[in-house]
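Q: I'm new to this structure and would like a close look at just one spot. Please pick a single residue, tell me what it touches, and then walk me outwards from there.

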Amino acid sequence: MTMEMKDSGSVVLTAYHPHSPARIPGMEQSFVQDIPPSHSPTSRKSLSRCRRINRMLSNESAPPAFSRSNSQASMDSTSMEDFWCEVESIKESREDGSEEAMLLEFKPADEGELEAEWLQDVGLSTLISGAEEEDGQALLSTLTRTQAAAVQKRYNTYTQTLRKKNKHTVRDVRDIFGTSDSSPTFETVPVSPVSSNGIQLPGQKPVWKSVSSKSCLDCGIDKGSPSITEELSYEVSFSESITVLPKTQEWPKNQRFKKEDSALPKFLVRKSRFGLTEVGDLSPEDMKKIRYLSLIELTAFYDALGVELKRNRVERVRGRENGLFGVPLTVLLENDQKKVPGIKVPLIFQKLLLKLEETGLETEGILRVPGSASRVKNLHQELEAKFYEDTFDWDQVRNNDAAGLLKMFIRELPSPLFTVEYLPAFITLVEKIAKIKLQLQALHLLIMLMPEANRDTAKAFLQFLKKVVANEGKNKMNLWNVSMIVAPNLFIYKGKRANQQEMQAAATTAHIVRLLIRYQDILWTVPSFLISQVRKMNEAAMNNSKRQLMFDKGVRKLLRRKTMERERPERPEGAVTFPPYLQSDIPEGVIRVYAPLHSKVSMAIQLNSQTKAKDILARFHCENSRGSSQNVKGQIQSLHEIGGNIGQHCLDPDAFMLDVYRANPQAEWVIKPKAS
């Protein structure tokens, strides 16, 4: 069967058009609310076309090339009708002229450029420039075997390309890393399991504790339906844990994509003695290193699976510099932070979510049933004029109109919320590898790669979608329904006419959204093996700094003078007090905890094998229950690990402190509010 799309407004997925010229502009739906077709010509036309598309997609006579994966296997018309109705609604809104078109340009890549960009993106630009920088050496010293092989493969491709082009003399890998073997390799770290949030302690076995995140694991699942339970471990890198290459054979035509929530497994996350770490628990400096390592690990993961890591090269779009819609997230946050310091999600996005959470979660068909196109257009214009003046009347906004504005905001972003660079990579993996655990691990690393503003905004959006699914009994929107509606707003791009292969990938994007909603609590947890590598990077950088200082004569003289002053019997009044990790009078296993916002600002605590972070917090709360201010009492306090081999780390309340202390004995310990 050959399918032709005569409609010029057809859609194309980015994954199949890495150089597609433009993105579908975010246009608000123009469907009228659910009324009989005889009363609405537009609705009758739209629904008719949606059903026609689904009939074509469900035709079993399609060529084998278009039925190669479980997520693309023959879809019945009812399973994807909401998706294509949403696509049609977006198309009609664009023709309506209610939104401006945002073009997202894709650049073709010259030979060797992708490898050069990859090396820069993982923090190894020194391999290109030839500079001797310590950061690059520290990063390379932490790599596992598979990670080092991934770096070496890209670097070798880059150098071979340059030699062919005769641009300049390229240093050999052996010259850079001092290896004499004819097949140069990067130095790697052992791949034995590491403790959950730090360095493996010699001779110590991790103690595991089961963590069942019901908000994540039970999302949208019928309590009576069977579900597979699998265990997830963050102790060993994902790429190192692949011992058997999964089969990538084509899926039989009679195997359909299972849209039932019970088809998704439940994952049991094991919490070690170091606890779990969320994205916001680490300092921005350490999260930057997490991003470097995540891209290296993602590349090694794909290499281990035998899947090509595809990437879009996107020409950035500036967007507007003021206003609400069509403004880059970073610009919005910069403007909003002048009004609310420290804010991480744009105010307009927060307000739209709050409006829907307060009044719209139980509205039947919320997100699916569109509001009035004319009302949404007027509300859009009124918000642009009145939002920052606090004169906009939110009571006039109907729930379906608010949902339309929310989707419009996402679609009008100059760069998509889930950045498109590696979207083709994940779509390819989902199509070739059926095992959801492997899909989830790849998606986990992609989340770690996202820019901070995108990741924080996406988290807020997914938390809202989880609440929508939790109210399925009243709003009639289950996990698959929500995923189908959201997917076109996140992942569909406008370009050439769609063919059947591209249209069938719609099921894949809906599946991606389903994984994002279902497993969001897991996806926003930083894998512990990455944190361990960050610690090693920081230690390597500190050791390099120490070696450099030892050769500085001026510093050595200063240290000698300071040593003589410390040996004097009496310290002058007002002398500097060194931090706890420099004080020799603190016994082994004793830490001094600081709580600057409490009446009792510090306390020495003897640690034992069962002392947890929450025990220290409880002790401070008891000691300061009378003297602390009301503001402190109303805040959620957390214990933070600061300095040493980590920048700043908000500890899990269940973290065993003796283990954390031994992993980072030079840290300071501070009780303060957790960053929101």
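A: Two residues are in contact here when heavy atoms of theirs lie within 4.5 Å. Keep in mind that this is a predicted model.

Let's pick N538. You'll find N538 in helix α22, which covers residues 528-550. Is N538 buried or exposed? Its relative accessible area is 10%, and the cut-off for buried is under 20%, so N538 counts as buried. For the chain as a whole, 53% of the 676 residues count as buried.

Now for the company N538 keeps. If we skip the neighbours within four places in sequence, N538 is in contact with D286, K289, N645, I646 and G647. With one of these, D286, there's also a polar contact: the two side chains come to 3.4 Å.

Those partners give us two directions to explore. D286 and K289 fall in helix α9, residues 284-305. I646 and G647 fall in strand β11, residues 646-650.

Let's follow α9 to begin with. Helix α6 (residues 145-165) crosses α9 at roughly 90°, and the axes come within 8 Å. Angles from 65 to 115 degrees count as roughly perpendicular, so that's the label for α6 and α9. On the α6 side, the residues that meet α9 are T146, Q147, A150, V151, K153 and R154. Across from them, α9 brings I296, E297, T299, A300 and D303. Sorted by class, this contact has four nonpolar, three polar and four charged residues.

Back to N538, and over to the β11 side. β11 belongs to an open sheet of five strands, in the order β9-β8-β12-β10-β11, with mixed pairing. β11 stands at one edge and β9 (602-606) at the other; each has a single partner strand, so one side of each lacks a neighbour in the sheet. On average, neighbouring strands are turned by 25° against each other, direction ignored.

Moving further into the sheet, we get to β10 (residues 637-643) and β12. These two run antiparallel and are joined by six bridges; H640, for example, has V670 in β12 as its bridge partner. What about β12 and β8? Strand β8 (residues 590-594) pairs with β12 (residues 668-673) in the parallel sense, over two bridges. Here V593 is matched with W669 in β12.

One helix belongs in this picture too. Helix α24 (residues 613-623) lies across β8, β9, β10 and β12, and runs at about 135° to β9.

To place all this in the full chain: there are 26 helices and 12 strands in total. Among contacts between residues 6 or more positions apart, 83% join residues separated by 24 or more positions. Our starting point fits into that picture: N538, in α22, is in contact with D286 and K289 as well as N645, I646 and G647.

Key:
Residues are numbered from 1 along each chain as its sequence is written. This is a predicted model: local features need pLDDT of at least 70, side-chain atom pairs count only at pLDDT 80 or more; totals for chains, interfaces and linings use all residues. Side-chain values use heavy atoms; hydrogens and water are left out. Helices (H or I, at least four residues) and strands (E, at least two) are DSSP runs, numbered from the N terminus. Buried means under 20% relative accessible area, exposed over 50%, partly exposed in between (1.4 Å probe, protein chains only). A polar contact is a pair of N or O atoms within 3.5 Å; within protein, one must be able to donate a hydrogen and the other to accept it, and residues adjacent in sequence count only if both atoms are side-chain atoms. Two strands pair if DSSP finds at least two bridges between them. Axes are lines fitted to C-alpha atoms, for helices over the stretch in contact, and angles run from 0 to 180 degrees between N-to-C directions. Angles under 35 degrees count as roughly parallel, over 145 as roughly antiparallel, 65 to 115 as roughly perpendicular and the rest as oblique. Ala, Val, Leu, Ile, Met, Phe, Trp, Tyr, Cys and Pro count as nonpolar, Asp, Glu, Lys and Arg as charged, and the others, Gly among them, as polar.
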